[in-house]
Amino acid sequence: MIIDCHGHFTTTPPGVAAWREAQLAADTAEAVAAVAAREYDVTDDELIEAVSGAQLAQQRERGTDLTIFSPRASWMGHHIGDADTSREWTRRQNDLVHRVCTLFPGKFAPVAQLPQSPGAGLRASVDELRRCVEELGFIGCNVNPDPTGGSWSGPALGDDYWTPLWDEMERLDVPGMVHVSTSALAAVHTTGAYYLAADTTAFMQALTSGFLARRESLRLILPHGGGAAPYHWGRFQGMAQDNGWDVEGTLSHLWFDTCVYHQPGIDLLLEVVPTSQILFGSEMIGAVRGVNPATGRHWDDTKTYIEAAVADLRARAEIFEGNARRVYPRLEAWLPAA
């Protein structure tokens, strides 16, 4: 089985954007209440059409089996509106992803976004995570390390601020993918700069604070190959040696996905990061959607890179399936249909 750990619902029907636009345009208490009183105007047939010709078609074409699926990351928009805005939007996005996963048994497993908001506590995020996991069977969550959209004015991941969320993730035995949303800064491109810088920043926050080594079962995934971390490994190891930071203790709680869109990048990732800490991911129909003219295959068809780089079938099976089943133990409930 081939499990893709990194998928977002980027092909939502028009009713989703229409609801969000109405929410953000509401400028009176009455208008806000009116929007909050209604759900998305999206039918199951629209969802089937939105996924069948996109994510499901690419699963078939590329020979993958199941995608771990979450709301569109760039739409989380934690810096937009207030905590109530984020909570209303988040619940609907998570419910929508759950609908997709139940419409296509064995093809998708749901991961939740959280209603984070700058300056707010994490009570709403803990409550939403508990609802999604205990009531809807979600297998993990996305954690935004910078809900400000680029100012990085909030607490670092090693701060006590995060304790309620880490405690609940450990209690529920679910991992978190560290994933920012849209950049609020015109000078910082969202998918080409902000995402990769955030992955690197999260890695450094974990390494310098050592908080992961103090957490028995907390598991975090760094997407997009871990940002700059694997590609400047000597810099990070050297700084760790100089400062007494625990690289091994940190790494044992971190996993890196394979959303790296060229063979040399994948080769280096696999050389630097232990096989046990790598999850297959593609983020298909995401930041890069075109075809590489040199290969004739989509840039984000990362399965081909893994197959070219990993000759050992046991190691390949760990990357494609085994590691994901260890990191996401609640995934087992979604596998029988697969």
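**Exercise 1.** In this predicted model, determine which residues glutamine 58 is in contact with, leaving aside its neighbours within four places in sequence, and decide whether glutamine 58 counts as buried or exposed.

*Solution.* Step 1: locate the residue. Glutamine 58 lies in helix α4.
Step 2: set aside the neighbours within four places in sequence; glutamine 58 is then in contact with Met284 and Ile285.
Step 3: apply the cut-off. Buried means under 20% relative accessible area. Glutamine 58 has 14% relative accessibility and therefore counts as buried.

**Exercise 2.** Describe how helix α3 packs with helix α4, and identify the residues that make the contact.

*Solution.* Step 1: state the geometry. Helix α3 spans residues 44–52 and helix α4 spans residues 55–62; they pack at an angle of about 35°, and their axes are 4 Å apart.
Step 2: name the participants. From α3 come Ala50, Val51 and Ser52, while α4 contributes Gln55, Leu56, Ala57 and Arg60.
Step 3: sort them by class. The contact of α3 with α4 has 4 nonpolar, 2 polar and 1 charged residues.

**Exercise 3.** Establish which strands are joined to strand β7, and state whether the faces of β7 are covered or uncovered.

*Solution.* Step 1: examine the faces. Strand β7 comprises residues 254–257, and both of its faces are covered. Leu254 and Phe256 are buried on one side, as are Trp255 and Asp257 on the other.
Step 2: consider strand β6 (residues 220–222). It runs parallel to β7 and is joined to it by 3 bridges; isoleucine 221 has tryptophan 255 in β7 as its bridge partner.
Step 3: consider strand β8 (residues 278–279). β7 and β8 run parallel and are joined by 2 bridges, and aspartate 257 has leucine 279 in β8 as its bridge partner.
Step 4: follow the chain. From β7 it passes through helix α11 (residues 263–272) to β8, a right-handed β-α-β crossover.

**Exercise 4.** Find how many residues the largest nonpolar core has, and which of them have the most contacts inside it.

*Solution.* Step 1: recall the general tendency. In soluble globular proteins, nonpolar side chains tend to be buried together.
Step 2: describe the core. The largest nonpolar core has 50 residues, and those with the most contacts inside it are Leu129, Leu165, Trp166, Met169, Phe203 and Phe256. Helix α8 (residues 190–209) supplies the largest share of this core, 5 residues.
Step 3: inspect one member. Not counting residues up to four places away in sequence, leucine 129 touches Leu114, Cys141, Leu165, Glu168, Met169, Leu172 and Val174.
Step 4: note the second core. This separate core has 36 residues, including Val42, Leu47, Ala50 and Met177. Ala50 also takes part in the contact of α3 with α4.

Terms used: Residues are numbered from 1 along each chain as its sequence is written. This is a predicted model: local features need pLDDT of at least 70, side-chain atom pairs count only at pLDDT 80 or more; totals for chains, interfaces and linings use all residues. Side-chain values use heavy atoms; hydrogens and water are left out. Buried means under 20% relative accessible area, exposed over 50%, partly exposed in between (1.4 Å probe, protein chains only). Two strands pair if DSSP finds at least two bridges between them. A crossover is right-handed if, with the strands pointing away from the viewer, the path from the first strand over the helix to the second runs clockwise. Axes are lines fitted to C-alpha atoms, for helices over the stretch in contact, and angles run from 0 to 180 degrees between N-to-C directions. Contact means heavy atoms within 4.5 Å. Ala, Val, Leu, Ile, Met, Phe, Trp, Tyr, Cys and Pro count as nonpolar, Asp, Glu, Lys and Arg as charged, and the others, Gly among them, as polar. A nonpolar core is a set of buried Ala, Val, Leu, Ile, Met, Phe, Trp, Tyr and Cys residues joined through side-chain atoms within 4.5 Å.
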